[in-house]
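Let's take a friendly walk through this fold, from its strands and helices to its core. Keep the sequence and the 3D view at hand as you read.

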Amino acid sequence: MARQTMTDDGKPSGKYFYTYADRDGTMAIGYCQEGCNGHATSKEACDHYYQYLLDKMTRYDCRAEDALKKCLICKQWTDRYILTDDGAFSYQITLCDRHANTQGVMMAAKDLDELMRVGQ
Ligand SMILES: [Zn+2]
Ligand SMILES: [Zn+2]
């Protein structure tokens, strides 16, 4: 989730990063881990992570073996789908040959929240 960092004296810094937390602590992940200067809002931090998921953590060429489903955008029957997997969660969206690409995913889910909702 997006979190605001603290300054050294414990005040909110006004900078948000997309982070992952476990018992060992909290760390920035995705593009926010790679020289990102932080974001003014949590939404921007989420968008930064979403871009990372689409660029690096999504397979666009998956094929279902035994079932056709309808493309979420154009409603054509297809065996194709995209799979986003960041190690903690995975999301799957049925998208046809024409829509199984970054633009198609962004049409089906405009941001990370929506991806979590539509990518069951
Ligand atoms: Zn960032
Ligand atoms: Zn389609």
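Two strands are said to pair if DSSP finds at least two bridges between them. The elements themselves are DSSP runs, numbered from the N terminus: helices (H or I) have at least four residues and strands (E) at least two. This is a predicted model, in which local features need pLDDT of at least 70 and side-chain atom pairs count only at pLDDT 80 or more, while totals for chains, interfaces and linings use all residues. Residues are numbered from 1 along each chain as its sequence is written, and chains are lettered from A and ligands numbered from 1 in the order in which they are written.

**The overall picture**

The chain has three helices and eight strands, and from the N terminus on they follow the order β-β-β-α-β-β-β-β-β-α-α. Taken along the principal axes, the C-alpha atoms fill a box of roughly 55 × 25 × 20 Å. Of the 120 residues, 29% count as buried; here buried means that 20 or more other C-beta atoms lie within 10 Å of a residue's own, exposed means 12 or fewer, and partly exposed is in between, with C-beta atoms placed from the backbone. Two residues are in contact if their C-beta atoms, again placed from the backbone, lie within 7 Å. Among the contacts with a separation of 6 or more, residues 24 or more positions apart account for 37%.

**The strands at the N terminus**

Strand E1 (residues 2–6) pairs with E2 in the antiparallel sense over four bridges. The hairpin they form has five residues between the strands, and Gly-10 takes a positive phi near 85° there. E2 is also joined by four bridges to strand E3 (residues 25–28), and these two run antiparallel as well. E2 and E3 form a hairpin too, with two residues between them. Some of the facing residues are set out below.

| Residue | Partner | Pairing |
|---|---|---|
| Arg-3 | Phe-17 | partner in E2 |
| Met-6 | Pro-12 | partner in E2 |
| Asp-22 | Gly-25 | partner in E3 |

Within E1, Gln-4 is a good residue to click on. Gln-4 is partly exposed, because 16 other C-beta atoms lie within 10 Å. Not counting residues up to four places away in sequence, Gln-4 touches Pro-12, Ser-13, Lys-15 and Tyr-16. The C-alpha atoms of Gln-4 and Lys-15 are separated by 5.5 Å, although these residues are eleven apart along the chain.

**Helix H1 and the loop before it**

Between E3 and H1 runs a loop, and Gly-30 has its place in it. Gly-30 counts as buried because it has 22 C-beta neighbours inside 10 Å. Leaving aside neighbours within four places in sequence, Gly-30 is in contact with Tyr-18, His-48, Tyr-49 and Tyr-52. By contrast, 12 Å separate the C-alpha atoms of Gly-30 and Gly-87, which are 57 residues apart along the chain.

H1 itself has 15 residues and reaches 21 Å from its first C-alpha to its last. That is close to the 21 Å expected at 1.5 Å a residue, where the expected span is 1.5 Å times one less than the number of residues. Which residues of H1 are buried? They are Ala-45, His-48, Tyr-49, Tyr-50 and Tyr-52, and what covers them includes E1, E2 and H3.

**The core and the two domains**

A nonpolar core is a set of buried Ala, Val, Leu, Ile, Met, Phe, Trp, Tyr and Cys residues joined through C-beta atoms within 7 Å. In the largest one, which has 23 residues, Cys-32, Tyr-49, Ile-93 and Leu-95 touch the most other members. Strand E2 (12–22), helix H1 (42–56), strand E7 (80–85), strand E8 (90–94) and helix H3 (112–118) each give two or more residues to this core, and H1 gives the most, with four residues. The core lies between domain 1 (1–56) and domain 2 (58–120), because both give residues to it. Tyr-49 touches Tyr-18, Gly-30, Tyr-31, Cys-32 and Leu-112, not counting residues up to four places away in sequence.

The chain is divided into domain 1 (1–56) and domain 2 (58–120), with bounds that come from an automatic or database domain assignment. Their centres, taken over C-alpha atoms, are separated by 25 Å. The contact takes six residues from domain 1 and eight residues from domain 2.
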